[in-house]
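I opened this notebook to keep a plain record of what I looked up, and in which order. The entries follow the path I took through the structure.

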Amino acid sequence: MLRISKTEGAALLILLIAIVQPCLAGVYKTPGEVSKELKTVAVKYSGTAVVKKIAVSPGKRLLEVLELVTKRGNPAIFLIANMEGDNPIATSAALELADRLLGEWKGDLMKYSWYIVPIGNPDGYARYFSKPLYESGLNNRPVNADMDDRADEDGPEDLNGDGLITMMRQKHPEGKWIAVKGNTVLMKKADRAKGETGIYRLFSEGIDNDGDGKINEDGPGGYNPGHNFPHRFKYYSKTTGTWPASERETTGVLKYMFDHPEIVMALSFSRLNTLQAVPPSDKKAESGKDKYKVPAGIARKMGIDPNREFHLDELVELAREATGFRELTAEMVLQFLGVAAAVNPDKKDSPYWEELAKKYKNFLKENKLDGKRLDAKKIPGGSFEEWAYYQYGVWTFALDFWTVPVKEEKKEDDGLTAEKIEQMTNEEFIALGRDKIDAFIQKSGRKGFNADMIIGALKGGMLSTKKIAEMMRKMEKTKTAEGVDVSDKALYEFNKDAFVPWKRYKHPTLGEVEIGGIKPYAFVTPPSGEINEIISQRIPFICDMARMLPSFEINNVTLKRVSSDVWRVKAWIVNNGFLPYPTHQGKRNRRPAPLVVSVAGKDIKILEGKKRIPIDLLDGSGGYKEVEWLISVEDGSSLDILLTAPAVHNVRKSVVLKTGGAR
Amino acid sequence: MKKYSIILIILFLFACLLPIAEAGKVKLSFDHYYNGKDVVTTIKKLNRAYPHLTSLKSLGKSEEGRDIWLLTINNPKTGRDTDKPGIYADGAIHGNEIQATECVLYLAYYLLDKYNELPMIKKLVDTRAFYIVPVVNMDNRARFFTDPGGYNIGRTARVPYDDDHDGLIDEDDFEDIDGDGEILQMRIKDPSGQWKTDPNDPRVMVRIKPGEKGEWRMLGSEGIDNDGDGRINEDGPGYLDMNRNYGYRWMPRYIQSGSGDYPNAAKATKAITDFLVTKKNIAFVFNMHNTGGMILRGPGNNLAGFYPPRDVKVYDFLGKEGEKIIPGYRYLIVKEDLYTTYGDFDEFSYASLGIYSMVGELFMSEKEQYRGPNEKPESSAPAGWWGKTSDAEKQKFNDNVNQGAMFRNWKKVRHPQFGEIEIGGWRKFTTRMPPGFLLHEEVHRFSSFIIFVARHTPEVRLELTGIKDLGNGMKKIRIRLTNSSAIGTLTYRSIAKNLTRKDIVTIGGSGLKVLSGGIVRDIHFDRVDYVEHRPNMIFTAVPEFGKVDIQWIVKGSGKAKINFNSLKATDRELIVSF
């Protein structure tokens, strides 16, 4: 409890400073200022803090990492902020984290090395400081987006001179949009089914620079390096890159991480939040299966039945027989079968993830930070966040800091929300009783269901409270009753200044238009006076996360004398941390490096057992593996049992082999 | 007098140099393999002998610091390379598939050597640009010649990787136990083994039938258990298969073994990708390998997406011609006829760069058959997994056609872990590659196929097909673009996915106002797809064996300049006066 009151104190202090020093327009540091600050930190904490260059963006900006290392060889936590380039508060939070780690948190948290990248996408981040203000996370690589004869020739223009790129609306027979009744700024799509006819066409603010009839179709930049990672990369998109890892920023991060095998966890500060909404668990990821059919052509060659399913191990054997190639591995066989990559978290990783999410939500609740707000952004393809889990194989979590608060709707009843149902067990849900469940079904608008069916499905295992919550989330409304986008409406209610009122403008090619709409970055930037508080209230959860990492011990050592100088040595390798090492997905992709157990001692001879015992996975909360050797050594010698791996704190256990002195 | 003598001496020297320059037309032979150094000195020699037609450039360095060489063949007198359709061909992305290098080296040599002799070659070299990377995997192809090895060893790039996931990297390679410079097979006497010697030929190993008594157990390739984990040779240097490391549908290792940490993680794949994006004129890519006697195209996997039927037609036309140019070779599709691959080069160049691409798998075991006319293979000796020639038949070829050069007979050796074993087997320069006397034909025929394809890269003619006076000073101008080749100016995949800029056809001239313009869909009924904006600029692609008609309505008089600007075909210009 002491810790929380301390951070609360710090938060209060920062709040006070924020009040005393009224925040100016430049609440966020420019890329240059961030770079300068990193240098200052490195000088102030020389010996611990070092700044290194990871890449240079196409806009010639530095992608830098601040390395905080108290002891070489410690496992490391990698934190990257703003990889998508459109979330300035994430960068501030990363700087704040570094500050805390070097200051008030320097105790046990610094037994990890921290690699902090405050700006993953410096070109994108720099756009926040550009004039006119234009929201985009693209880097500055010139791209011929419209495939004409030039690149970047038709970007937006600030026609009304307000310093912002907003929208233009033009009355047009083809228009699909209408203004919301009684509201001067909000727009909505006309719904013909409700008798509404479209009035306006919408464009982003600008002119047709190249005379091709299109407005702003080939603006400055670029690709988003935050969508350029090689997991679930979106091919043939205008913004993700020419191929995975085509962007320097992305390659820089990839290379840096593979050069640092000591990284045990990856964190991202961004618009995503993988603890608020946990990605669904493993459903039908092909690679997780263990039985496969063999494509007809290959089956014929191998002389096996193409209609039969084979166990993977069986196939490996059959393939070795058929090819005579003894070194054939399961991976090679999988590749022949054309199996696809996993796209959902491994089902054995999911429970840990969910538990951590629960802890996160409790943390928010305890600190009164759980007010209703708009959802975090959905995870895009090619994200850092997914790549680090699916391919780099470490625990990876993304946290966002702010979205537009949503006014709590008046509660008519006890309100069975998705969150509440998720927390319930199946039995608890059934215990609500028929009437309540029927009322719930009616309210959800699902027809053709009744309480008995739901109860039956829950009892029969076809349904679970988790699934109900998931279904509810999917059904959550994206439009308000009046037909406006829920998020637009929330923004309007939160801050009317986030909109530029529509004003008439004479456009060179479109003629009469109006310019207005949502201001750039309105959805991602909280009021400047609240930024520091928002960060300092939420950042302590990072401590909690670091304290859940795997942590190893060697215990239960038994020494049994077999003959005068021969000993049977047994020991347990135990993971006392909460999280397994590594993830099950990591085990599948053979990343990170395995734990290796070995013995050392003067003049010892291993009669039985391996010199090095690799362990590719150890569950958390006391997960263990027994190791064993038969060792020949002189009476009274000492023996070291060692646990080593780049991404864990290495452990050494010394024992003395002495007659009558087992243990 | 002195002056004259100096001039005479100079003249004399010059006269001496002339024949050298002429004879400097290097003579290369293709009855043997060029080792790592020989390849480099040879392409440098070619470059020196043909300075006006070739240029040499290093695309970057390999993992072990060797230059990855690019030889460009282009006649600058007929234009810049990027103004002509380009053909890219590389070899030995897999270090042990060595004759892939001889193939593209031969292609370069043949184009240069026959330039003055064969009008077809001269025309081709003058109108096309050739980009030849003789060796992609510089390290392992060089080591194939110098290190103890076997025909299956050295496929990948030397990027360290912990293959057996034991925390140690590259700690358990092969060993040349008997010190003969080759890594062959190990066998051990074992009555419970699954193999016995062929009663007709003791060199040949035969699988026992159920119930038969075994004689031998096969132990795999020569080597020892270096790291004491009970396995041999399970973690050799590297394992990054560069032909699985390119950026289209790249997959992590648990899906695609050898794919590397991320796309373009190898030096050569990165260097070649970076090079290819600078040469938008490349219209065809060849990626050379061994073995199997195949001309391959994608898709390589289920995710490779749609191959538009007209692209398939282009491939089919060329592939079927290839089957005739190289008898015995089959034109096949990777995913359907072989197996699933992700991140391979030809799929990348086709699907991401928009270039028609093919793979050549040189040599096949059928070339080592030993049969009389109408004779069928012996049924008692089953053929191997890849090949169609049994070991017993191959031994007869070895004895009677190759005088025993291909096989090292079993001999007793002491192995530190297995004890007494025997080592023997097919030698390094066999099985995946032809003996020298077959090499020349092999590389000539495949090069001829590449030359055939090169002749079919787009060749577009621009002609005026009509001017019609519409009165009021208005005129209708029609032009036609005709492509006589089997390859269009853009792939259909490229058009569908916006991979490359289309051809741009423009009309301009002082005193000329372009009122309208567009592609003519039907010349007889005057059906035109008019372009609303910028009608002076028409974006199009000229299809294979096809044409595009374009029409403008202009006002004014004088001269009009019509320009065809294409990335993958030579630009054309036409002046029309009216």
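**Contact between the chains**

I began with the contact, to which chain A gives 54 residues and chain B gives 51 residues. I kept in mind from the start that this is a predicted model. The two chains, A and B, bury about 4600 Å² between them, and 59% of that area lies on carbon and sulfur atoms. I then looked up which residues of chain A weigh most here, and found that A:Tyr236, A:Trp243 and A:Gln335 supply 18% of the area that chain A buries against chain B, more than any other three residues.

For charged pairs I noted a count of 2 salt bridges between chain A and chain B. I looked at the salt bridge that B:Asp166 forms with A:Arg612, in which the closest N and O atoms are 3.9 Å apart; with the cut-off set at 4 Å, I recorded the distance next to the pair.

**Strand β21 of chain A**

Next I turned to strand β21 of chain A, residues 638-644, and asked how many of its residues are buried. I found that 5 of the 7 are buried, so the strand is largely enclosed by the rest of the structure.

I then followed its pairing to other strands of chain A. Strand β17(A), residues 595-600, runs antiparallel to β21(A) and is joined to it by 5 bridges, while β22(A), residues 651-656, is also antiparallel to β21(A), with 6 bridges between them. The link from β21(A) to β22(A) is a hairpin through 6 residues. I used A:Ile641 as my marker in β21(A): it is the bridge partner of A:Val599, and in β22(A) A:Ile641 has A:Lys653 as its own bridge partner.

**Chain B as a whole**

I went on to the overall figures for chain B and listed 12 helices and 23 strands. Along the principal axes, the C-alpha atoms of chain B fill a box of roughly 100 × 80 × 55 Å. Of the 578 residues in chain B, 57% are buried. I also looked at contacts in chain B between residues at least 6 apart in sequence, and 73% of these join residues at least 24 apart.

**An open sheet in chain B**

In chain B I traced an open sheet of 8 strands with mixed pairing, in the order β1-β2-β4-β3-β9-β12-β10-β11. Its edge strands are β1 (54-61) and β11 (330-333), each of which pairs on one side only. Neighbouring strands of this sheet are turned by 20° against each other on average, with direction ignored. At the β11(B) end I checked the pairing with strand β10(B), residues 294-297, which is parallel over 4 bridges, and there B:Leu296 stands opposite B:Leu332.

**B:Val520 and the cysteines**

I looked up B:Val520 in strand β18 of chain B, residues 512-522. Its relative accessible area is 7%, so B:Val520 is buried. Leaving out residues up to four places away in sequence, I listed its contacts as B:Arg478, B:Arg527, B:Val528, B:Asp549, B:Ile550 and B:Gln551. B:His415, in turn, lies 105 residues from B:Val520 in sequence and 77 Å from it in space, C-alpha to C-alpha.

My last check was on cysteines, where the count of disulfides over all chains comes to 0. I noted two of the cysteines: A:Cys543 counts as buried at 1% relative accessibility, and B:Cys103 is buried with a relative accessible area of 0%.

Notes: Residues numbered from 1 in each chain as written. Chains lettered and ligands numbered in written order. Predicted model: local features only at pLDDT ≥ 70, side-chain atom pairs only at ≥ 80, totals over all residues. Heavy atoms only, no water. Buried < 20%, exposed > 50% of the residue type's maximum accessible area, 1.4 Å probe, protein only. Helix = DSSP H or I, 4+ residues; strand = E, 2+ residues; numbered from the N terminus. Pairing = 2+ DSSP bridges. Disulfide = S-S within 2.5 Å. Contact = heavy atoms within 4.5 Å. Axes fitted to C-alpha atoms, helices over the stretch in contact; angles between N-to-C directions. Buried area = accessible area lost by both parts, 1.4 Å probe. Salt bridge = Lys/Arg side-chain N within 4 Å of Asp/Glu carboxyl O.
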